[in-house]
Amino acid sequence: MPTPPTHPRQGAGLNRRQVLQTGLAASAMLSTWSLQGSPALWGKDLMRTSRRGGILRVRGIDPPHFDPHLTLNFKTHTTLSFVYNRLVRHKVGAGIQPGTFTVEPDLAERWEALDDTTYVFHLRQGVKWHHKPPLNGRELVAEDVQFSYTRFLTEAANPLRFMLEPVDRVEVVDRYTVKFLLKEPFVWLVNVLANPHGTWIIPREVVEQFGDLKKAEHAIGTGPFLLERYEPNVKTIFKRNPHYFRQDESWVDGVEWIVLNDPSTGLAMYRTGQLDAGPGGFWSVRQEDLEGLKKTHPHLVYQDFLTNVTHGIYMRTDTPPLNDVRVRRAISHAIDRQAVVDAVYGKGEPTPAISRGVPEWSPRIDELGAGAKYYQHNPQEARRLLAEAGFPRGLKLPLHATSGYGPDQVDAVQLVQRYLKEGGIEAELKIQEYGAYMATTFSGKFEGLAMGPFSIVWEPHSTLYGMYMPDQARNSSHVNDPKITAMLKEQMRTPDVQARKKILFDLQRYMAEQQYYVYLYCVGVTASWQPYVKNYAPNLSFDYGNRAAALWLDR
């Protein structure tokens, strides 16, 4: 277990790291966008230098199953990104800065807002489904889009339905046109449709024939790769889709998506050239391995950034004693956030609700107003608050976590456990297998406390709405605060970006005061890849498939 720094630290190190301060390009009032003159044309310039061929060998993940509407598990959605498309997507390629999410056409070549509750999407013509039965390469049409989103909205077991809760229905206008009709104004619609998290366009025939999409052979899409072979807990093999509609983004012949649960094994494979990119999340290298790797492999490409993932503690705020704000503030005061980052991850910084890796929508800690003080490590104040709440001898609570995020996460939880004890909270650690953790604790079915990475942001609405709106499956802390509900509703109806940003910053200030979730930090990461991997940048989304399709191997 890591040992926290014992030397005094000044200013918690918030300004010590150079992090990307690039804003999130996320205007929700996107109107008509045609392919002519759009970023899709950058492929023509790349044609001059790119080359086709080769197998991309990268660290992958073993999904629990392959149905995007029956899980919020990132392991499923990252794997499916190779196979499926969305109506719109986040731009990929070498010019993308981590923390930026620019929306561009995908299956829809253009779209328009007829009014604040009606959006029309015009599909590309001639897009083919994979040449696999029962679709056999037929053309994608508007009925496919309607089916996909009708299932998304009506599937009772879909934990991601909250993302599109304002959508009333999707109608077919003609063979290549669909209309989204909203229950209320929702300025984030286009941005949410770009999220690589359940918004894939799925095959109607497969669902009708088999009932669901859980098996690997059910993963049939229109995407850049076909799923050729799945070896559970070993790897998934994808091959290039020869009929992919983006021929200027279809370079490698295939991808080996290799499951690597042991960091040392992954590092050894990367050192010896068996992997084309880093063995960690976002194809990164662990900080503890970085210095040695740079010495022996200086020719590799390295890029530092803050992730868009927030780590923290969630809890049963609907039951005593965690329904008392003094207890929640005591938990926050007890933890030295920067010390955990320094001891376990090496890079990172404390964060509010929206990760500091997306600074356009994330205030600095010193911008949180009255709530900023609860980010200060102060075990004495934690004990005082507990005594004031009626617990002069402290508290004992279970602390749930999983080993499924790797050894660093377990080390971080153990260190937080130590800090909680110093603040008067005896946390009984309960480590769960990843699948059990996702099915129970992550879904709010637990007692006491839980800790882990629990939110990822591409646009700020979905993260906050899912975790704070009452009765949402994603509301792990069981929050029911009318003020938060009202502010969330207000921002989703506000078309002016600056006015919306003010609401979201004020909302995060209030959240910092209430501490329904004790937000801890976002981690600093160093992505790395072989110099022969061209037109690649570590864009921070689950969309590994489009990033893999856009790159080529110059070897």
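## Starting at Y434

Select Y434 first: at 8% relative accessibility, Y434 counts as buried. Here buried means under 20% relative accessible area, exposed means over 50%, and partly exposed is what lies in between, with a 1.4 Å probe and protein chains only. What you have open is a predicted model, where local features need pLDDT of at least 70 and side-chain atom pairs count only at pLDDT 80 or more, while totals for chains, interfaces and linings use all residues. Residues are numbered from 1 along each chain as its sequence is written, and side-chain values use heavy atoms, with hydrogens and water left out.

**Stop 1: two ring pairs**

The structure holds 30 aromatic pairs. One of them brings Y405 and Y434 together edge-to-face, 5.4 Å centre to centre and with 85 degrees between the planes. In this tour, rings of Phe, Tyr and Trp (its six-membered ring) pair if their centres lie within 6.5 Å; planes under 30 degrees apart are stacked, over 60 edge-to-face, and the rest tilted. Y405 sits in the loop between β15 (395-402) and α11 (407-422), and Y434 in helix α12, so select both to see a link between distant parts of the chain, 29 residues apart. Helices (H or I, at least four residues) and strands (E, at least two) are DSSP runs, numbered from the N terminus. Is Y405 buried or partly exposed? At 23% relative accessibility, Y405 counts as partly exposed.

Next, pick W458 and F542. Their ring centres are 5.0 Å apart and their planes stand at 85 degrees, so this pair is edge-to-face. W458 is in the loop between β17 and α13, and F542 in the loop between β19 (533-534) and α16 (544-550), so the pair ties together parts 84 residues apart in sequence. Both W458 and F542 are buried.

**Stop 2: helix α13**

From W458, move on to helix α13, residues 460-468. How many of the nine residues of α13 are buried? Nine of nine, so to speak a full house: P460, H461, S462, T463, L464, Y465, G466, M467 and Y468. To see what covers the buried residues, show α4 (189-193), β17 (449-456), α14 (482-492), α15 (497-514) and β18 (518-529), which are among the covering elements. At the N-terminal end, E459 caps α13: a side-chain oxygen of E459 lies 2.9 Å from the backbone nitrogen of H461.

**Stop 3: the second largest pocket**

Now select A157, N158, P159, L160 and A473, which lie nearest the centre of the second largest pocket among its 26 lining residues. About 520 Å³ of space lies in this pocket. A little on how pockets are found: on a 1 Å grid over the protein atoms alone, a pocket is an open set of points with protein on both sides within 12 Å along at least five of seven lines, a cavity is a set where a 1.4 Å probe fits but cannot get out, and lining residues have an atom within 4 Å of a point. Grid points are joined across faces, edges and corners, and a volume is the space filled by probe spheres set on the points.

Helix α12 (residues 434-439) gives the largest share of the lining, three residues. Colour the lining by type and you get 15 nonpolar, seven polar and four charged residues. Nonpolar covers Ala, Val, Leu, Ile, Met, Phe, Trp, Tyr, Cys and Pro; charged covers Asp, Glu, Lys and Arg; the others, Gly among them, are polar.

**Stop 4: H69**

H69 is in the loop between β1 (55-60) and α2 (74-80). At 0% relative accessibility, H69 counts as buried. Leaving aside neighbours within four places in sequence, H69 is in contact (heavy atoms within 4.5 Å) with S148, R151, F152, E155, A157, N158, P159, G198 and I202. Draw a distance from the H69 side chain to the backbone oxygen of G198, and you should get 3.4 Å.

**Stop 5: backbone oddities**

Which peptide bonds should you look at for a cis form? Try P133 to P134, with omega near 10 degrees, in the loop between β5 (118-123) and α3 (142-154) where P134 lies. Then try P320 and P321, joined by a cis bond with omega about 0 degrees; P321 is in the loop between β13 (309-315) and α8 (325-334).

Two more residues to click are F282 and Q515. F282 has a positive phi of about 55 degrees although it is not a glycine, and its place is in the loop between α6 (263-271) and β11 (284-285). Q515, also not a glycine, has a positive phi near 55 degrees and sits in the loop between α15 and β18. F282 is buried, with a relative accessible area of 13%, and Q515 is buried, with 1%.

How values were computed:
A polar contact is a pair of N or O atoms within 3.5 Å; within protein, one must be able to donate a hydrogen and the other to accept it, and residues adjacent in sequence count only if both atoms are side-chain atoms.
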